[in-house]
Amino acid sequence: MMSPMKYNRLSVAVMFAGFVLWVIGITCIHSESMAAVFMAGTIVCVIAGVVIHAKYARCPECGKHLTRIWGNECPHCGSAIEQLQDVNK
Ligand SMILES: [Zn+2]
């Protein structure tokens with residue numbers, strides 16, 4: 001099982017991938033049907049990113065959302081997310 005901080009970073013990465021798809025779709029794709037495929041991919045990535053963040057990117061100590069992707073501590077209560085996960089293994 002991945003730690004909440006890894007899910008947090010994954011959700012941001014997935015949303016960023018969606019953003020990249022959107023940029024490619026509006027800049028490089030000149031066929032309307034292909035542009036629609038890229039737009040659908042953008043929507044799927046953004047929804048998946050939001051769902052991953054909402055479901056898994058929570059502090060195991062205080063239950064709040066991890067609103068930042070840097071560092072290994074909870075920004076709310078200071079718990080070490082990655083270390084906590086290692087101890088539980
Ligand atoms: Zn916390």
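**Group meeting: a three-helix chain**

Lysine 64 lies in the loop that runs between α2 and α3. I begin with this residue, and I should say at once that the model before you is a predicted one. With 13 other C-beta atoms within 10 Å, lysine 64 counts as partly exposed, because a residue is called exposed at 12 or fewer and buried at 20 or more. Setting aside residues up to four places away in sequence, lysine 64 touches Arg58, Cys59 and His76. Cysteine 77 is 13 residues from lysine 64 along the chain, and their C-alpha atoms are separated by 8.9 Å.

One of those partners, cysteine 59, deserves a closer look. Which residues does cysteine 59 contact, leaving aside its neighbours within four places in sequence? They are Pro4, Lys64, Leu66, Cys74, His76, Cys77, Ser79 and Ile81. Cysteine 59 also belongs to the largest nonpolar core, a set of 6 residues completed by Met5, Ala57, Leu66, Cys74 and Ile81. As a general remark, nonpolar side chains in soluble globular proteins tend to be buried together.

Let me now turn to the chain as a whole. It contains 3 helices and 0 strands, and read along the sequence the pattern is α-α-α. The radius of gyration is 16 Å, whereas the globule rule gives 12 Å for 89 residues, so the chain is more spread out than a compact globule. Along the principal axes, the C-alpha atoms fill a box of roughly 50 × 20 × 20 Å. Of the 89 residues, 18% are buried. Among contacts between residues at least 6 apart in sequence, 50% join residues at least 24 apart.

I take the helices in order. Helix α1 covers residues 4-27. Its 24 residues reach 35 Å from the first C-alpha to the last, close to the 34 Å expected at 1.5 Å a residue. The buried residues of α1 are Pro4, Met5, Asn8, Ser11, Val14, Gly18 and Leu21. In general, an α-helix has 3.6 residues a turn, so residues three or four places apart point the same way. Arginine 9, also in α1, has 17 C-beta neighbours inside 10 Å and is therefore partly exposed. Although 60 residues separate arginine 9 from isoleucine 69 in sequence, their C-alpha atoms are 5.7 Å apart in space.

Helix α2 spans residues 32-56. For its 25 residues, the expected length at 1.5 Å a residue is 36 Å, and the end C-alpha atoms are indeed 36 Å apart. Thr42, Cys45, Gly49 and His53 are buried in α2. Against which helix do the buried residues of α2 pack? They pack against α1.

Is alanine 36, in helix α2, buried or exposed? Alanine 36 is exposed, because 12 other C-beta atoms lie within 10 Å and the class extends to 12 or fewer. From alanine 36 to valine 50, 14 residues along the chain, the C-alpha separation is 21 Å.

I close with confidence. The mean pLDDT of the chain is 90, and 92% of its residues reach 70 or more. Where in the chain is confidence lowest, and where is it highest? Confidence is lowest in helix α3, residues 81-88, at a mean of 59, and highest in α2, at 96.

Key:
Residues are numbered from 1 along each chain as its sequence is written. This is a predicted model: local features need pLDDT of at least 70, side-chain atom pairs count only at pLDDT 80 or more; totals for chains, interfaces and linings use all residues. Helices (H or I, at least four residues) and strands (E, at least two) are DSSP runs, numbered from the N terminus. The expected span of a helix is 1.5 Å times one less than its number of residues. A nonpolar core is a set of buried Ala, Val, Leu, Ile, Met, Phe, Trp, Tyr and Cys residues joined through C-beta atoms within 7 Å. Two residues are in contact if their C-beta atoms, placed from the backbone, lie within 7 Å. The radius of gyration is taken over C-alpha atoms; the globule rule is 2.2 Å times the number of residues to the power 0.38. pLDDT is the predictor's confidence in each residue, from 0 to 100.
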